[in-house]
Amino acid sequence: MTDFNEMTTEDFRRHGYALVDWLADYLERVGEMNVLPQVEPGELRDMLADRAPEHPEDFEAISADLDRIVLPGLTNWASPGWFAFFPAAVSGPSILGDLAAAGLGQQGMLWATSPICTELETVVVDWVVDLLGLPSWWKTTDRGGGVIQQSASDAVHTALVVAREEATRRGAQPGRWVAYVSSQAHSSVEKGAKVAGFSHIRLIEVDDEYAMRIEALQDAVQADQDAGLVPAFVCSAVGTTATTAVDPVRAIGEIARPAGMWHHVDAAFAGNAMFCPEFRHHQDGLELADSYTVNPYKWTPVTFDGSLFYVADRRPLIQTLSVLPEYLRNQASESGQVIDYRDWHVALGRRFRSLKLWFVLRYYGAEGIRARLRANVEWAQQLAERVDEHPLLERVAPVPFSLVCLRHKDGNQATEALAQAINASGHSYVTPSRIDNLAFIRVSIAQMNTRRKHVERLWKLIEQAANPTDQST
């Protein structure tokens, strides 16, 4: 009889308990570790075998290499000193939801291949419509609907493909489609436009607060129409990556509608703030949008990955992406009574991502998530006030959410030196950035494990590094 060396259920329990213990230990001590790994390029590769093993290894030996090889090479995104980029959340309920999803092994490409994978997703994405105050017709129970994609990049790429097809259905010829986006929007929009075959991509200039200038958009659209081109897509950013600037969603929508453009709203990070009603004015005008994306893993307890992508009307999306070979045909799909999410994005295969979102929403409740968001914004506002009061520092942009952008008044070199000093501390990590020739530092306060004391520690470091000759601070 062939021995496949399968792991028995008893061994699975034993090793599984041990791995959960290891992860729990990691989460308990991650705050004591350096945020950035202390390794050189190639050092970790040299620790790995040149060839895959020919013979089975004991699981104890495999798991031991978590400490020997994996841990030294980790960038500790879960560190409470993580103030860089935007975070990738880690929480117990979400990890357990992901564990359950992995163990259940569902492939949710069709309702028929996993009814619960589909129906749980439709329910939780509809919950989020209410939790974020989004238009009610974006629910799957109405004419719109939401789907969990891998990332906001996948979502915007999908929106661009639908925009292209909608323009083509109206008679636009290939090579004449135009996409418009703020010069400060995420690079995924420009990349997605190239992937979708847009020959014309307009980066619209911004105002003093780094939001899209509506007059500049109007002028660009008019110039393209006069030249015989077809405006097909425009993106509003609610919280740009560099500074969390907010584009005028309503004004952009009022230009997009009569021009026949698909209007996508990218709220990947800042959209999470809409759990709190006091922030919803930032996205006034959503009723004029065609699609919208928000990434719960960037500012709620949901682990990476999983981006919520909503459409106001699902028909153009499905019409664009539906290809039905014989091997995917089934009675449920033919009935027209079910959603097949394979028609809602480029990928056919899909994981059971809704399970971790369901776990998180039930474990923390909306009030628990709101409390965390409000605390982060409060700490960011306090940090911004300290920057404003400091004689050697200045803010670069407003702080509508929980990102503070600051620089040294002595210029780019001093700002870059300040960022290097912060990141050399080991306990805190920030992102140096630039807009045009202006160097600045992004401080993103959104990591699950960050508390006020960690922001206080960061500020003391900033004060000291900003004026190293004055040790009294």
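Two strands count as paired if DSSP finds at least two bridges between them. I keep that rule beside me for these entries. The model I am reading is a predicted one.

**Entry 1: the four-strand sheet**

I started with strands S10 and S11. S11 covers residues 438–444, and five bridges join S10 to S11. The two strands run antiparallel. I picked out one position: Pro432 stands opposite Ile441 in S11.

Next I looked up the whole sheet. It is open and has four strands, in the order S8-S9-S11-S10. The pairing is antiparallel. Which strands stand at the edges? They are S8 (393–395) and S10 (431–435). Each has a single partner strand, so one side of each is left without a neighbour in the sheet. I also noted the turn between neighbouring strands, which is 40° on average, direction ignored.

Two helices lie across this sheet. Helix H11 (residues 354–389) lies across S8, S9 (403–408) and S11. H11 runs at about 130° to S8. Helix H13 (residues 452–466) also lies across S8, S9 and S11. For H13 the angle to S8 is about 125°.

**Entry 2: Thr450**

I then went to the loop between S11 and H13, where Thr450 sits. Is Thr450 buried or exposed? Its relative accessibility is 2%, so it counts as buried. The cut-off for buried is under 20%.

I looked for what surrounds Thr450. Leaving aside neighbours within four places in sequence, its contacts include Ser79, Pro80, Trp82 and Phe83. Trp379, Ile445 and Val455 are in contact with Thr450 too. A polar atom of the Thr450 side chain lies 2.8 Å from the backbone oxygen of Pro80. Gly81 is 369 residues away from Thr450 along the chain, yet their C-alpha atoms are separated by 6.6 Å.

**Entry 3: the seven-strand sheet**

The other sheet I traced is open, with seven strands. The order is S1-S7-S6-S5-S4-S2-S3, and the pairing is mixed. S1 (145–149) and S3 stand at the edges. Each has a single partner strand, so one side of each has no neighbour in the sheet. The twist averages 20° from one strand to the next.

I checked a parallel pair. Strand S2 (residues 177–182) is joined to S4 by five bridges, and the two run parallel. Tyr180 has Val234 in S4 as its bridge partner. Helix H7 packs on the sheet here, touching S2, S3 and S4. The direction of H7 makes about 170° with that of S2.

Helix H5 (residues 152–169) lies across S1, S2, S4, S5 (262–266), S6 and S7. H5 runs at about 175° to S5.

**Entry 4: strand S7**

I wanted the partners of S7. Five bridges join S1 to S7, and these strands run antiparallel. Gln149 has Ser307 in S7 as its bridge partner. On S6, four bridges lead to S7, again antiparallel. There, Val294 is paired with Leu308 in S7.

How many of the five residues of S7 are buried? Five of the five are. In a regular strand the side chains alternate between the two faces of the sheet. I sorted S7 by side. Ser307, Phe309 and Val311 are on one side, Leu308 and Tyr310 on the other, and all are buried.

**Entry 5: loops**

I found Asp247 in the loop between S4 (230–237) and helix H8 (249–259). Asp247 is buried yet has no salt bridge. What is the nearest side chain of opposite charge? It is Arg213, 11 Å away. The side chain of Asp247 does reach the backbone nitrogen of Met212, at 2.7 Å. Among the residues Asp247 touches are Ser182, Ala211, Cys235 and Ile252.

Thr244 is in the loop between S4 and H8 as well. Its phi is positive, about 55°, although Thr244 is not a glycine. Thr244 counts as buried because its relative accessibility is 0%.

Tyr210 is in the loop between S3 (200–204) and H7 (214–226). Tyr210 has a positive phi of about 70° and is not a glycine. At 13% relative accessibility, Tyr210 counts as buried.

My last stop was Asp305, in the loop between S6 (291–294) and S7 (307–311). The peptide bond from Phe304 to Asp305 is cis, with omega near 10°.

Note on methods: Residues numbered from 1 in each chain as written. Predicted model: local features only at pLDDT ≥ 70, side-chain atom pairs only at ≥ 80, totals over all residues. Heavy atoms only, no water. Axes fitted to C-alpha atoms, helices over the stretch in contact; angles between N-to-C directions. Contact = heavy atoms within 4.5 Å. Buried < 20%, exposed > 50% of the residue type's maximum accessible area, 1.4 Å probe, protein only. Lys, Arg positive; Asp, Glu negative; His and termini not counted. Salt bridge = Lys/Arg side-chain N within 4 Å of Asp/Glu carboxyl O. Polar contact = N/O pair within 3.5 Å; in protein donor to acceptor, adjacent residues only side chain to side chain.
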